[in-house]
Amino acid sequence: MWESDGGLLARVDKTKMPRHVAIIMDGNGRWANCRGLLRNAGHVAGVKTLKNILKTAVNLKLEALTVYAFSTENWKRPHTEVDFLMHLFSDYLEREKQEMHENNVRIKFLGRTEDFAPALQKLMRESIELMKNNTGVKFNVAADYGGQDEIIRAAQKLAYRVKAGELLPEDISTQLFEDELDTFGQPPVDLLIRTGGELRVSNFLLWQAAYAEFWFTDTNWPEFTPEEFIDALVDFGKRSRRFGTLNN
Ligand code: IPE
Ligand code: IPE
Ligand code: MG
């Protein structure tokens with residue numbers, strides 16, 4: 001089992017915890033460049049951060065954590081970097097899956113999978129299978145993920161159901177649409193964190209973040225700590241969420 005973060009967690013008011021936190025893990029390349037290292041060294045360092053943040057999420061008993069690992073647009077990077085990221089992703093799953101399982105984590109992948117190497121796709125399926133009965137943190141890894149792509153795939157599935165005569169166009173509701181998204185059955189995103197200093201959403205969880213609170217930091221992902229993660233959660237607890245109403 002992962003050891004507890006001790007006093008750190010005590011800062012969070014459990015009654016004001018988000019159910020679902022999403023993170024755009026950005027700034028790996030810049031972190032490396034600042035140190036005269038290759039961008040890939042930043043990705044390696046970023047994996048260590050991810051492990052620490054997942055551990056904190058487990059200790060906090062967070063319901064769902066979604067991380068943006070690779071976007072549909074990231075294929076446009078030089079193929080050496082794309083290849084490196086693919087290998088890192090495989091190594092991470094291979095190395096961490098058992099420990100995640102022992103910590104009751106339930107892994108899921110958001111996005112397309114068909115363009116990944118067959119061996120990686122197999123590893124993804126095995127990881128899902130291994131953890132499928134776990135009841136702890138729902139850990140969603142968005143890989144070859146784009147919010148627009150996810151919405152289009154959902155729309156296509158519904159269009160086929162209409163074409164097959166299973167549904168009428170007017171039957172399509174928010175709920176029915178959500179059921180076709182990669183995050184089906186999970187709560188909407190309450191808190192969206194972006195590291196690395198950019199103030200944009202970069203095609204992440206466009207539907208699910210409809211009423212998310214945003215939290216941005218200049219810290220590059222390799223330097224993001226459990227302490228700063230807790231800062232974000234504490235700040236979230238102070239937000240007044242109105243969802244369009246006049247309450248709070
Ligand atoms: C985020 O870091 C990781 C991925 C997109 C895979 P970047 O690689 O985007 O790092 P910067 O933004 O160039 O510093
Ligand atoms: C978003 O970061 C994608 C991931 C963190 C995986 P990018 O670095 O790709 O986003 P842009 O290009 O700065 O918008
Ligand atoms: Mg970036």
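1. In the shell counts used here, Ala, Val, Leu, Ile, Met, Phe, Trp, Tyr, Cys and Pro are nonpolar, Asp, Glu, Lys and Arg are charged, and the others, Gly among them, are polar. On that basis, the shell around ligand 1 holds 3 nonpolar, 5 polar and 5 charged residues. The structure is a predicted model. Every value below is computed from that model.

2. Start with the surroundings of ligand 1. The shell has 13 residues. The closest are Asp26, Gly29, Arg30, Arg39 and Arg77. Three helices, α1 (28-34), α2 (39-60) and α3 (79-102), each supply at least two residues of this shell. Helix α1 gives the most, with 3 residues.

3. Which atoms of the protein come close to the oxygen atoms of ligand 1? A polar backbone atom of Gly29 is 2.9 Å from an oxygen atom of the ligand. A polar backbone atom of Asn28 is 3.2 Å from an oxygen atom of ligand 1. Arg39 takes part through its side chain: a polar atom there lies 2.8 Å from an oxygen atom of ligand 1. On its own, ligand 1 exposes 380 Å², and the protein buries 87% of that. Ligand 1 sits in the largest pocket.

4. Ligand 2 comes next. The residues around ligand 2 are Ile24, Met25, Asp26, Tyr68, Ala69, Phe70, Asn74, Arg77, Arg194, Arg200 and Ser202. By class, they divide into 5 nonpolar, 2 polar and 4 charged. Strand β2 (residues 64-71) gives the most to this shell, with 3 residues. The space that ligand 2 takes is the largest pocket. Ligand 1 sits in the largest pocket as well. Asp26 and Arg77 are listed around ligand 2, and both are among the closest residues to ligand 1.

5. The polar contacts of ligand 2 listed here use side chains. For Ser202, a polar side-chain atom lies 2.6 Å from an oxygen atom of ligand 2. For Asn74, an N or O atom of the side chain is 2.9 Å from an oxygen atom of ligand 2. For Arg77, the distance from a side-chain N or O atom to an oxygen atom of ligand 2 is 3.2 Å. Alone, ligand 2 has 390 Å² of accessible area, and the protein covers 78% of it.

6. Ser202 deserves a second look. Its place is in the loop between β5 (191-194) and β6 (213-216). Its phi is near 45 degrees, a positive value in a residue other than glycine. Most residues other than glycine have a negative phi. Is Ser202 buried, partly exposed or exposed? Ser202 is partly exposed, because its relative accessible area of 28% falls between the limits of 20% and 50%. That area counts protein chains only as cover.

7. Phe243 is another residue to check. Phe243 is not a glycine, yet its phi is positive, at about 50 degrees. Phe243 is found in the segment after α7 (226-238). With a relative accessible area of 46%, Phe243 is partly exposed.

8. Where is Asn104 found? Asn104 is in the loop between α3 and β3 (106-110). Asn104 is partly exposed, with a relative accessible area of 28%. Asn104 and Asn134 are 30 residues apart along the chain, and their C-alpha atoms are separated by 5.0 Å.

9. Gly42 lies in helix α2, one of the helices that supply residues to the shell around ligand 1. Is Gly42 buried or exposed? Its relative accessible area is 0%, which is under 20%, so Gly42 is buried. Gly42 and Gly7 are 35 residues apart in sequence, and their C-alpha atoms are 29 Å apart in space.

10. Gln148 lies in helix α5 (residues 147-163). Its relative accessible area of 52% is over 50%, so Gln148 counts as exposed. Gln148 and Leu205 are 57 residues apart along the chain, with C-alpha atoms separated by 8.5 Å.

Notes:
Residues numbered from 1 in each chain as written. Chains lettered and ligands numbered in written order. Predicted model: local features only at pLDDT ≥ 70, side-chain atom pairs only at ≥ 80, totals over all residues. Heavy atoms only, no water. Near = heavy atom within 4 Å. Polar contact = N/O pair within 3.5 Å; in protein donor to acceptor, adjacent residues only side chain to side chain. Areas by Shrake-Rupley, 256 points an atom, 1.4 Å probe, with all protein chains shown as cover. 1 Å grid on protein atoms, 1.4 Å probe; cavity = no way out; pocket = protein on both sides within 12 Å on 5 of 7 lines; lining within 4 Å. Sits in = over half its atoms within 2 Å of the grid points. Helix = DSSP H or I, 4+ residues; strand = E, 2+ residues; numbered from the N terminus. Buried < 20%, exposed > 50% of the residue type's maximum accessible area, 1.4 Å probe, protein only.
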